[in-house]
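User: Could you walk me through this structure before I go back to the bench? I'd like to ask about a few things in turn.

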Amino acid sequence: QVQLVESGGGLVQAGGSLRLSCAASGSIFSINSMGWYRQAPGKQRELVAAITSGGSTNYADSVKGRFTISRDNAKNTVYLQMNSLKPEDTAVYYCNAQIIVLDPPYEYSYWGQGTQVTVSS
């Protein structure tokens with residue numbers, strides 16, 4: 001009943017930029033934190049950036065100063081602006097959201113399908 005749909009991945013040269021979007025839809029009462037994770041081949045999934053409903057943000061040290069997370073609460077959408085991309089940023093990027101649904105009321109963790117980001121050197 002709740003779906004996260006990501007867009008914006010692709011192939012870019014080192015030093016370039018990409019903007020990822022993730023829109024939540026369905027039977028949503030409210031959304032608490034939203035975030036982006038990534039998983040490179042042979043590695044564990046890791047947190048890239050997160051943002052609370054109030055706008056507080058948290059970033060992985062490896063992306064601080066290069067990536068910016070933001071959200072539009074009216075659109076139930078979270079964005080990740082990625083600048084100065086490096087080959088080591090290559091991964092599948094996943095959107096995550098902590099969503100409260102009703103009937104019965106409960107908070108669930110939802111994931112998007114993932115979008116590939118490839119940075120060439």
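Analyst: What follows takes up the sheet, the disulfide, the core, the salt bridges and one residue of a late strand, and the model is a predicted one.

User: Good, let's start with the sheet. What is the order of the strands in the open sheet of four?

Analyst: The order is 1-3-8-7, and the pairing in this open sheet is antiparallel. Strand 1 and strand 7 stand at the edges with a single partner strand each, so one side of each has no neighbour in the sheet. From one strand to the next, the twist averages 15°.

User: How many bridges are there between strand 1 and strand 3?

Analyst: Six bridges pair strand 1 with strand 3 in the antiparallel sense, and L4 is the residue that stands opposite A24 of strand 3.

User: And at the other edge, how do strand 7 and strand 8 connect?

Analyst: Strand 7 and strand 8 form a hairpin that has four residues between them, and N76, which sits in the turn, has a positive phi of about 50°. The two strands run antiparallel and are joined by six bridges, and R71 has V78 in strand 8 as its bridge partner.

User: Which residues of strand 7 are on the covered face, and which on the uncovered one?

Analyst: F67, I69 and R71 make up the covered face of strand 7, while T68, S70 and D72 make up the uncovered one.

User: Switching to cysteines, which ones form a disulfide?

Analyst: C22 and C95 do, with their sulfur atoms 2.1 Å apart, and the count for the structure is one disulfide. C22 belongs to strand 3 and C95 to strand 9, so the pair ties together parts that are 73 residues apart in sequence. The link is left-handed, with -80° about the S-S bond.

User: Are those two cysteines buried or exposed?

Analyst: C22 is buried, and C95 is buried as well.

User: What about the nonpolar core, then: which residues have the most contacts inside the largest one?

Analyst: The largest nonpolar core has 30 residues, and W36, L80, M82 and Y93 are those with the most contacts inside it. Several strands supply at least two residues each, among them strand 1, strand 3, strand 4 and strand 11, and strand 9 gives the most, with six residues.

User: Now charges. How many salt bridges does the structure hold?

Analyst: The structure holds four salt bridges, and R38, E46, R66 and D89 are linked in a network of them. As background, side chains of opposite charge can pair when their charged atoms come close.

User: Take the network apart for me. What are the closest N and O distances for R38 with E46 and with D89?

Analyst: For R38 and E46 the closest N and O atoms are 2.7 Å apart, and for R38 and D89 they are 3.0 Å apart. D89 lies in the loop between strand 8 and strand 9, and R38 lies in strand 4, so this pair ties together parts that are 51 residues apart in sequence.

User: And where does R66 come in?

Analyst: R66 forms a salt bridge with D89, the closest N and O atoms being 2.8 Å apart. R66 lies in the loop between strand 6 and strand 7, and D89 in the loop between strand 8 and strand 9, so the pair ties together parts that are 23 residues apart in sequence.

User: Is R38 buried or exposed, and what about E46?

Analyst: R38 counts as buried because its relative accessibility is 6%, which falls under the 20% cut-off. E46 is partly exposed, with a relative accessible area of 36%, whereas D89 counts as buried at 1%, and R66 is buried too.

User: Last one: where is V119, and what does V119 touch?

Analyst: V119 is in strand 11, which covers residues 115-120, and V119 counts as buried because its relative accessibility is 5%. Leaving aside residues up to four places away in sequence, V119 touches V12, Q13, A14, L85, K86, P87, D89 and T90, and D89 is also one of the residues in the salt-bridge network.

User: How far is V119 from S17 in space?

Analyst: From C-alpha to C-alpha, V119 and S17 are 9.6 Å apart in space, although 102 residues separate them in sequence.

Conventions:
Residues are numbered from 1 along each chain as its sequence is written. This is a predicted model: local features need pLDDT of at least 70, side-chain atom pairs count only at pLDDT 80 or more; totals for chains, interfaces and linings use all residues. Side-chain values use heavy atoms; hydrogens and water are left out. Buried means under 20% relative accessible area, exposed over 50%, partly exposed in between (1.4 Å probe, protein chains only). Contact means heavy atoms within 4.5 Å. A salt bridge is a side-chain nitrogen of Lys or Arg within 4 Å of a carboxyl oxygen of Asp or Glu. A nonpolar core is a set of buried Ala, Val, Leu, Ile, Met, Phe, Trp, Tyr and Cys residues joined through side-chain atoms within 4.5 Å. Two strands pair if DSSP finds at least two bridges between them. Axes are lines fitted to C-alpha atoms, for helices over the stretch in contact, and angles run from 0 to 180 degrees between N-to-C directions. A disulfide is a pair of cysteine sulfur atoms within 2.5 Å.
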